[in-house]
Amino acid sequence: MPAPSCNRGCAVAVEIAIIVTDSPPLITLAVAQSLDYLLYPALPVIIPDAVFHEATFSAGKLGAQEILDWYRAHTDQVRVEPTDIFREEMVLREAMPGRKPARDLGERAAIEIIRNYPLADEARTLLLSDDRDAARLLVFEPEKTILLTTWDYLRLLEEGRRIQSAESVIESVRQAGRNPPGRDLWSDHDPEVKDAVRAVIDRAHRGETPEG
């Protein structure tokens, strides 16, 4: 879908899909009981199957049940995307019981999604990651990918008046015994990218449709 037309000098609201490329953002938001924040921009939320499995495979894992319940309640907007990487890994695990999980499985599944996700010419993908090496995800379609940490994303929602305080969310996670990363990637993006993302957040805040 082409981006809406805009007079010269204003920000163009491009279409953006959110891809959660590793499990820590899901766990952090689950612990803070804030998974719904992923839905606030009213955008598709894509979770690679390997990432979802990593976050939920153990019922006793921190945040696992919350993530499962949230996904089941929002299958209209949240999609667990199948990948060949994860399917092949599961076949190997079945054939070789006790096999150690493949290294960087979630990241490789995310890269598969990024490479194959059907983006329109003017579309961009917002990658949500707390991996210190997440910049490797930008190898494919770097001009169409916007990399943010969970901290960046929460601050963006706060700036757009979608939540009251990003810091209060992070503090609630710390109180639960988890220390989420506080890296800032948002500041590194150029003004055009920032304006595009802000426009989408603002549009959702005003309850407009993508064509609005």
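Visitor: Which residues of H2 meet which residues of H3?

Guide: A contact between helices is best read as two short lists, one from each partner. In this predicted model, H2 brings Phe52, Ala55 and Thr56, and on the H3 side these meet Ala64, Ile67, Leu68 and Tyr71. Sorted by class, the contact of H2 with H3 holds six nonpolar residues, one polar and no charged.

Visitor: And how do I read the geometry of the two helices?

Guide: Look at the distance between the axes and the angle at which they cross. Helix H2 covers residues 49-56 and helix H3 residues 64-73; their axes come within 8 Å and cross at roughly 135 degrees. That angle is why H2 counts as oblique to H3.

Visitor: Is there another helix pair to practise on? What are the angle and the axis distance for H4 and H5?

Guide: Helix H4 (residues 84-95) packs against helix H5 (residues 105-116) at an angle of about 140 degrees, and the axes are 8 Å apart. Angles over 145 degrees would count as roughly antiparallel, so H4 and H5 are oblique to each other.

Visitor: Which residues make up the contact of H4 with H5, and what are their classes?

Guide: From H4 come Asp84, Ile85, Phe86, Glu89 and Arg93, and they meet Leu105, Arg108, Ala109 and Glu112 of H5. By class, the contact of H4 with H5 has four nonpolar, no polar and five charged residues.

Visitor: Why might contact residues in a helix recur every three or four places?

Guide: An α-helix has 3.6 residues a turn, so residues three or four places apart point the same way.

Visitor: Back to H2. Is glutamate 54 buried, partly exposed or exposed?

Guide: Glutamate 54 lies in helix H2. Its relative accessibility is 34%, so glutamate 54 counts as partly exposed. Leaving aside residues up to four places away in sequence, glutamate 54 touches Ser23 and Lys61. Glutamate 54 and proline 24 are 30 residues apart in sequence, yet their C-alpha atoms are 9.7 Å apart in space.

Visitor: Ser23 brings us to H1. How many residues of H1 are buried?

Guide: Burial can be read residue by residue and then for a whole element. Helix H1 (residues 23-31) is mostly covered, with eight of its nine residues buried. The buried ones are Ser23, Pro25, Leu26, Ile27, Thr28, Leu29, Ala30 and Val31.

Visitor: What comes after H1 in terms of backbone angles?

Guide: H1 is followed by glutamine 33, with a positive phi near 55 degrees. This is a positive value in a residue other than glycine. Glutamine 33 sits in the loop between H1 and E2 and is exposed, at a relative accessible area of 74%. Alanine 42 also lies in the loop between H1 and E2. Although alanine 42 is not a glycine, its phi is positive, about 55 degrees. Alanine 42 is exposed, with a relative accessible area of 54%.

Visitor: How many aromatic pairs are there in the whole structure?

Guide: For rings, check the distance between centres and then the angle between planes. A search of the whole structure finds two aromatic pairs. In one of them, the ring centres of tyrosine 37 and tyrosine 40 are 5.1 Å apart and the planes stand at 50 degrees, so the pair is tilted. Tyrosine 37 is buried, at 17% relative accessible area, whereas tyrosine 40 is partly exposed, at 26%.

Visitor: Which residue lies over the face of tyrosine 40?

Guide: Arginine 162 does, at 4.7 Å from the ring centre.

Visitor: Where is valine 45, and what does it touch?

Guide: Valine 45 is in strand E2, residues 45-48. With 0% relative accessibility, valine 45 counts as buried. Beyond residues up to four places away in sequence, valine 45 touches Ile18, Val20, Leu38, Leu39, Gln77, Val78 and Arg79. Valine 45 and leucine 126 are 81 residues apart in sequence, with 9.6 Å between their C-alpha atoms.

Visitor: How do I step back to the whole chain?

Guide: Count the elements and follow their order. The chain has eight helices and five strands, and along the sequence they run β-α-β-α-α-β-α-α-β-β-α-α-α. Of the 212 residues, 47% count as buried. Among contacts between residues at least 6 apart in sequence, 69% join residues at least 24 apart.

How values were computed: Residues numbered from 1 in each chain as written. Predicted model: local features only at pLDDT ≥ 70, side-chain atom pairs only at ≥ 80, totals over all residues. Heavy atoms only, no water. Phe/Tyr/Trp six-rings, centres within 6.5 Å; stacked < 30°, edge-to-face > 60°. Buried < 20%, exposed > 50% of the residue type's maximum accessible area, 1.4 Å probe, protein only. Lys NZ or Arg CZ within 6 Å of the ring centre and 35° of its normal. Helix = DSSP H or I, 4+ residues; strand = E, 2+ residues; numbered from the N terminus. Axes fitted to C-alpha atoms, helices over the stretch in contact; angles between N-to-C directions. Parallel < 35°, antiparallel > 145°, perpendicular 65-115°, else oblique. Contact = heavy atoms within 4.5 Å. Nonpolar A, V, L, I, M, F, W, Y, C, P; charged D, E, K, R; others polar.
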